[in-house]
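Subject: Structure handover

Hello,

Here is the structure for you to take over. My notes follow below it.

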2 protein chains.
Amino acid sequence: MAKKNYELTESEWAIIQAVWENEPCAAPTVQEELETRKNWTYSTVKTMMDRMVTKGLLKTERMRNLILYRSVVTRIQAQKSEIMRTVKRAFDGALTPMMQFLLDNHKLSQKQLNELERLIKKKRVKGRAAGKK
Amino acid sequence: MAKKNYELTESEWAIIQAVWENEPCAAPTVQEELETRKNWTYSTVKTMMDRMVTKGLLKTERMRNLILYRSVVTRIQAQKSEIMRTVKRAFDGALTPMMQFLLDNHKLSQKQLNELERLIKKKRVKGRAAGKK
DNA sequence: TTGCAATCTTTACAAATGTAGAGTATTCTC
DNA sequence: GAGAATACTCTACATTTGTAAAGATTGCAA
């Protein structure tokens with residue numbers, strides 16, 4: 001139910017990404033997966049994962065002598081939270097100014113602009129069809 | 001020079017916003033400004049501000065027996081960092097997917113969509129004029 | 001000049017986060 | 001069945017963040 005706000009730290013993001021991609025998976029898998037980017041030992045990874053279970057970001061299930069982890073929040077949910085956090089903190093909660101800022105402050109290629117325009121058009125049509133909001 | 005990445009915490013955002021709006025200003029001013037929203041005592045605010053000086057987010061200047069604070073990073077810089085952080089963590093560094101996500105996952109009104117389209121058009125033209133990138 | 005008001009300084013402490021060693025249990029493998 | 005390999009548990013410690021009380025300064029007002 002609850003549309004909670006999941007504020008993941010940098011490290012938690014790294015971990016949950018690995019989980020999303022291997023789900024369900026054991027801690028060693030995650031550790032190996034991250035070994036190159038992050039330089040974490042098994043202990044480190046495991047500790048973090050267990051803390052994430054406590055926080056309700058992951059959940060576990062025992063399979064014989066193995067402990068398998070699964071994500072509780074989806075990638076979409078996490079992305080949404082991350083964006084909402086930014087909008088709240090840095091743009092006073094207003095989405096359009098943030099979009100505008102993105103357009104103004106990041107050099108997008110023509111191609112990207114086209115793509116965006118296309119997306120907006122699509123959105124627009126759909127919105128109209130479905131009874132405007 | 002350095003185009004550093006400023007990762008402000010929630011509290012730091014609150015403080016620096018107050019500073020931006022009153023710059024240069026003394027700690028008590030900031031504390032009063034935030035009194036309603038946050039419920040921080042003077043000590044709390046002062047401590048945080050001094051820590052932010054250490055971190056290079058604010059700087060001070062002594063005026064007789066007063067200590068005045070100024071921001072070191074601009075609102076734009078901070079917003080940019082905040083967005084970059086999100087893009088990096090949650091969208092694998094790619095801006096367009098993030099924009100797409102924004103369009104897909106947040107119900108924008110027709111008006112907002114129009115506005116965005118207009119902005120993009122403007123961008124497009126300007127980009128073309130200035131030798132495409 | 002004495003005391004009050006405003007401001008600053010010092011110190012503290014708890015919770016969260018980053019990081020991991022050392023020991024324990026379980027399971028292969030020879 | 002004994003040692004090696006694998007995975008888990010427990011404990012620990014440093015740093016950062018959130019929060020603030022208590023004490024020291026200083027300038028002004030009576």
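A polar contact here is a pair of N or O atoms within 3.5 Å, and within protein one of them must be able to donate a hydrogen and the other to accept it. Please keep in mind throughout that this is a predicted model.

I start with a residue that meets that definition. The side chains of E23(A) and S71(A) are joined by a polar contact of 2.6 Å. E23(A) sits in the loop between α1 and β1 (25-26) of chain A. Along the chain E23(A) and S71(A) are 48 residues apart, yet 7.4 Å separates their C-alpha atoms. Leaving aside residues up to four places away in sequence, E23(A) touches Y69(A), R70(A) and S71(A). Is E23(A) buried or exposed? Its relative accessible area is 30%, so E23(A) counts as partly exposed, since buried means under 20% and exposed over 50%.

Next, confidence. Chain A has a mean pLDDT of 89, with 92% of its residues at 70 or more. Among the elements of chain A, α3(A) has the highest mean pLDDT, 98, and helix α6 (residues 110-129) the lowest, 79.

DNA strand C

Around DNA strand C there are 19 residues, and the closest are W40(A), S43(A), T47(A), R51(A) and Y42(B). Of the strand C atoms that come within 4 Å of the protein, 58% belong to sugar and phosphate. Two of the closest residues have polar side-chain atoms by base nitrogens of strand C: T47(A) at 2.8 Å and R51(A) at 2.9 Å. On the phosphate side, an N or O atom in the side chain of K46(B) is 3.5 Å from a phosphate oxygen of the strand. The elements giving two or more residues to the surface near strand C are α3 of chain A, and α3 and β3 (66-71) of chain B. The most comes from α3(A), with 5 residues. By class, this surface has 6 nonpolar, 8 polar and 5 charged residues.

DNA strand D

DNA strand D has 20 residues around it, and Y42(A), W40(B), T47(B), R51(B) and K55(B) come nearest. Sugar and phosphate make up 56% of the strand D atoms that come within 4 Å of the protein. A polar side-chain atom of S43(B) lies 3.0 Å from a base nitrogen of strand D. Two residues approach phosphate oxygens of strand D: I67(A) with a backbone N or O atom at 3.0 Å, and S11(B) with a polar side-chain atom at 3.4 Å. Two or more residues of the surface near strand D come from each of α2 (27-34), α3 (42-54) and β3 (66-71) of chain A, and from α3 (42-54) of chain B. The largest share, 5 residues, is that of α3(B). The classes there are 7 nonpolar, 8 polar and 5 charged.

Helix α4(A)

Helix α4 (residues 75-91) of chain A has 17 residues and spans 23 Å from its first C-alpha to its last, close to the expected 24 Å. Its buried residues include A78(A), I83(A), V87(A) and F91(A), and also E82(A), R85(A) and R89(A). Both chains contribute to the cover over the buried residues: it includes α1 (10-22) and α5 (95-105) of chain A, as well as α1 (10-22), α4 (75-91) and α5 (95-105) of chain B. Just after the helix, D92(A) takes a positive phi of about 55°.

Regards

Note on methods:
Residues are numbered from 1 along each chain as its sequence is written. Chains are lettered from A and ligands numbered from 1 in the order in which they are written. This is a predicted model: local features need pLDDT of at least 70, side-chain atom pairs count only at pLDDT 80 or more; totals for chains, interfaces and linings use all residues. Side-chain values use heavy atoms; hydrogens and water are left out. A residue is near a molecule or strand if one of its heavy atoms lies within 4 Å of it. Helices (H or I, at least four residues) and strands (E, at least two) are DSSP runs, numbered from the N terminus. Ala, Val, Leu, Ile, Met, Phe, Trp, Tyr, Cys and Pro count as nonpolar, Asp, Glu, Lys and Arg as charged, and the others, Gly among them, as polar. pLDDT is the predictor's confidence in each residue, from 0 to 100. The expected span of a helix is 1.5 Å times one less than its number of residues. Buried means under 20% relative accessible area, exposed over 50%, partly exposed in between (1.4 Å probe, protein chains only). Contact means heavy atoms within 4.5 Å.
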